[in-house]
Amino acid sequence: NLTLTEAIAGANGVSRLGNPKSITIKTVDSSGRARQMEVNFSRILTDPNVKDVVLNEGDTIWVPERVF
């Protein structure tokens with residue numbers, strides 16, 4: 001099982017242009033229904049009470065650009 005933190009670490013982290021507070025994960029369940037969830041990755045890293053997201057095979061992670 002791969003977590004969001006491990007996946008992002010494997011991609012060398014969130015770039016300086018990425019927004020870690022608004023990451024979208026798209027997943028497809030066994031019946032073929034797609035759903036999306038928005039994750040505040042910064043909270044996963046800083047708040048010990050926030051659990052990391054366990055990814056499923058085929059999940060897509062999208063990190064939007066940060067607004068300056």
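Which residue in β5 is the bridge partner of K26? The legends below work towards the answer through a series of close-up views of this predicted model.

**View 1. Three strands make up an open sheet with the order β3-β2-β5.** The strands pair in the antiparallel sense. The edges belong to β3, residues 34-39, and β5, residues 60-62, each of which pairs on one side only. On average, neighbouring strands of this sheet are turned by 20 degrees against each other, ignoring direction. As a reminder for this view, strands of a sheet pair through backbone hydrogen bonds, either parallel or antiparallel.

**View 2. β2 and β5 come together as an antiparallel pair.** Three bridges hold the count for this pairing. Here is the answer to the opening question: the bridge partner of K26 in β5 is T60. I25 also has a bridge partner in β5, namely I61.

**View 3. β2 and β3 form a hairpin.** Five residues lie between the two strands, and in the turn G32 has a positive phi of about 95 degrees. The strands run antiparallel and are joined by six bridges. Along this pairing, I25 stands opposite M37 of β3, and I23 stands opposite V39 of β3. I25 is thus a residue to look for in two views, with I61 as its bridge partner in β5 and M37 opposite it in β3.

**View 4. Ten residues make up the largest nonpolar core.** Its members are L4, A7, I8, I23, I25, V39, F41, I44, V53 and L55. Two or more residues each come from α1 (4-10), β2 and α2 (41-46). The most generous of the elements is α1, which gives three residues. One core member worth tracing is V39. Leaving out residues up to four places away in sequence, V39 touches L4, P20, K21, S22, I23, I25, I44 and V53. Several of these are fellow core members, including L4, I44 and V53.

**View 5. T27 sits in strand β2, which covers residues 23-28.** Is T27 buried or exposed? With a relative accessible area of 5%, T27 is buried, because the limit for that class is under 20%. The T27 side chain makes a polar contact with the side chain of D59, at 2.6 Å. Not counting residues up to four places away in sequence, T27 touches R33, A34, R35, N56 and D59. D59 therefore appears twice around the buried T27, once as a polar partner and once in the list of contacts.

**View 6. E38 belongs to strand β3.** E38 counts as exposed, at 59% relative accessibility. What does the side chain of E38 make a polar contact with? The partner is the side chain of S22, at 3.2 Å. Setting aside residues up to four places away in sequence, E38 touches K21, S22, I23 and T24. The C-alpha atoms of E38 and K21 are separated by 8.8 Å, and these two residues are 17 residues apart along the chain.

**View 7. N40 lies in the loop between β3 and α2.** N40 is partly exposed, and its relative accessible area is 27%. Beyond its neighbours within four places in sequence, N40 is in contact with P20 and K21. N40 and K21 are 19 residues apart along the chain, yet their C-alpha atoms are separated by 4.1 Å. P20 and K21 are worth finding again from the view of the core, since V39 touches them too.**View 8. The structure holds one salt bridge.** Which residues meet in it? The side chains of D47 and R43 do, with 3.3 Å from N to O. D47 counts as partly exposed, at 22% relative accessibility. R43 is partly exposed as well, with a value of 45%. As background to this view, side chains of opposite charge can pair when their charged atoms come close.

Note on methods. Residues are numbered from 1 along each chain as its sequence is written. This is a predicted model: local features need pLDDT of at least 70, side-chain atom pairs count only at pLDDT 80 or more; totals for chains, interfaces and linings use all residues. Side-chain values use heavy atoms; hydrogens and water are left out. A salt bridge is a side-chain nitrogen of Lys or Arg within 4 Å of a carboxyl oxygen of Asp or Glu. Buried means under 20% relative accessible area, exposed over 50%, partly exposed in between (1.4 Å probe, protein chains only). Helices (H or I, at least four residues) and strands (E, at least two) are DSSP runs, numbered from the N terminus. A polar contact is a pair of N or O atoms within 3.5 Å; within protein, one must be able to donate a hydrogen and the other to accept it, and residues adjacent in sequence count only if both atoms are side-chain atoms. Contact means heavy atoms within 4.5 Å. A nonpolar core is a set of buried Ala, Val, Leu, Ile, Met, Phe, Trp, Tyr and Cys residues joined through side-chain atoms within 4.5 Å. Two strands pair if DSSP finds at least two bridges between them. Axes are lines fitted to C-alpha atoms, for helices over the stretch in contact, and angles run from 0 to 180 degrees between N-to-C directions.
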